[in-house]
Amino acid sequence: MNGISTQCAKIKDLSIYDDEDDHKMKIKKPGPIRTVSWSESVEESNLDVPGTPRTPRTSTTPGHEKCTFHHDLELDHRPPTREALLPEMSRSYKLLLSSLGEDPDRPGLLKTPERAAKAMLFFTKGYDQSIDDVINDAIYDEDHDEMVVVKDIEMFSMCEHHLVPFYGKVSIGYLPCKKILGLSKLARIVEVFSRRLQVQERLTKQIALAVTKAVQPAGVAVVVEGVHMCMVMRGVQKINSKTVTSTMLGVFRDDPKTREEFLNLIHNK
């Protein structure tokens, strides 16, 4: 039995669960062979961002049973709860245009407030999605303990400091312990967390923790490379700058060779 198989056997009774009182997910430490040492507690709150609705509108919410948006991320889904936000948001954008010295009633801007409101709702649609919904039970029992990597997943998000976009690509790797996740679900996890007001550092960690919670692997690695418009079109205006963030959990943090293998895989063209 190789090292990873032994490791998976050691943590076959690994339990991640939510406690109603403290919402902490607790992980049993494995044995000494290829130890997975989660150096920080994985808390449910780490998967959230400020402003995340406590009761996200999902496909199980009354009135949303036939919605395809929550699973397929369609663009034309307008739940009543979100559409109800449009009038107030449109008024806010109209006031913003007036504050800039523009005439919001001129032909070119007449429908701009409503269009901008709809665009902002789309940019932040991740607030109305949950990880359980997008994974949709796509977790499979499989006797596989070698590295799984999906790289160069396109990512678009909004900087919470300036409300301007940042975009780039995400690479995710994990070492399964008899459970694998549908490959497209890794991209959907990226979509859920990126379609919110974000900072890249938190986005990177949230993706890693979500994969951990879903399949309880021996380790998870996430690398995000982003271009931030707040650095390109304002401020220091460095158009060629890129920001790289990473989160390494389990064997990817503890074993330099495993980490090196992952980094080589995502950097090879």
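Start with the whole chain: of the contacts (heavy atoms within 4.5 Å) between residues at least 6 apart in sequence, 69% join residues at least 24 apart. This is a predicted model, where local features need pLDDT of at least 70 and side-chain atom pairs count only at pLDDT 80 or more, while totals for chains, interfaces and linings use all residues. Residues are numbered from 1 along each chain as its sequence is written, and side-chain values use heavy atoms, without hydrogens and water.

Colour by secondary structure next. There are eleven helices and nine strands, taken as DSSP runs (helices H or I, at least four residues; strands E, at least two) numbered from the N terminus.

Now select Val 170, Ile 172, Tyr 174, Ile 189, Ile 207, Val 211 and Val 222. Within the 35 residues of the largest nonpolar core, these touch the most other members. Such a core is a set of buried Ala, Val, Leu, Ile, Met, Phe, Trp, Tyr and Cys residues joined through side-chain atoms within 4.5 Å; buried means under 20% relative accessible area with a 1.4 Å probe, protein chains only. Helix H8 gives the largest share of this core, eight residues.

Another core, of eleven residues, lies apart and includes Ala 218, Val 251, Phe 252 and Phe 262.

Finish on Phe 252 and Phe 262. Aromatic rings pair if their centres lie within 6.5 Å, with planes under 30 degrees apart stacked, over 60 edge-to-face and the rest tilted. Three aromatic pairs are counted by this rule. In this one the centres are 5.7 Å apart and the planes at 75 degrees, so the pair is edge-to-face. Phe 252 lies in helix H10 (residues 251-254) and Phe 262 in helix H11 (residues 256-267), so the pair ties together parts ten residues apart in sequence.

Definitions and conventions: Rings of Phe, Tyr and Trp (its six-membered ring) pair if their centres lie within 6.5 Å; planes under 30 degrees apart count as stacked, over 60 as edge-to-face and the rest as tilted. Buried means under 20% relative accessible area, exposed over 50%, partly exposed in between (1.4 Å probe, protein chains only).
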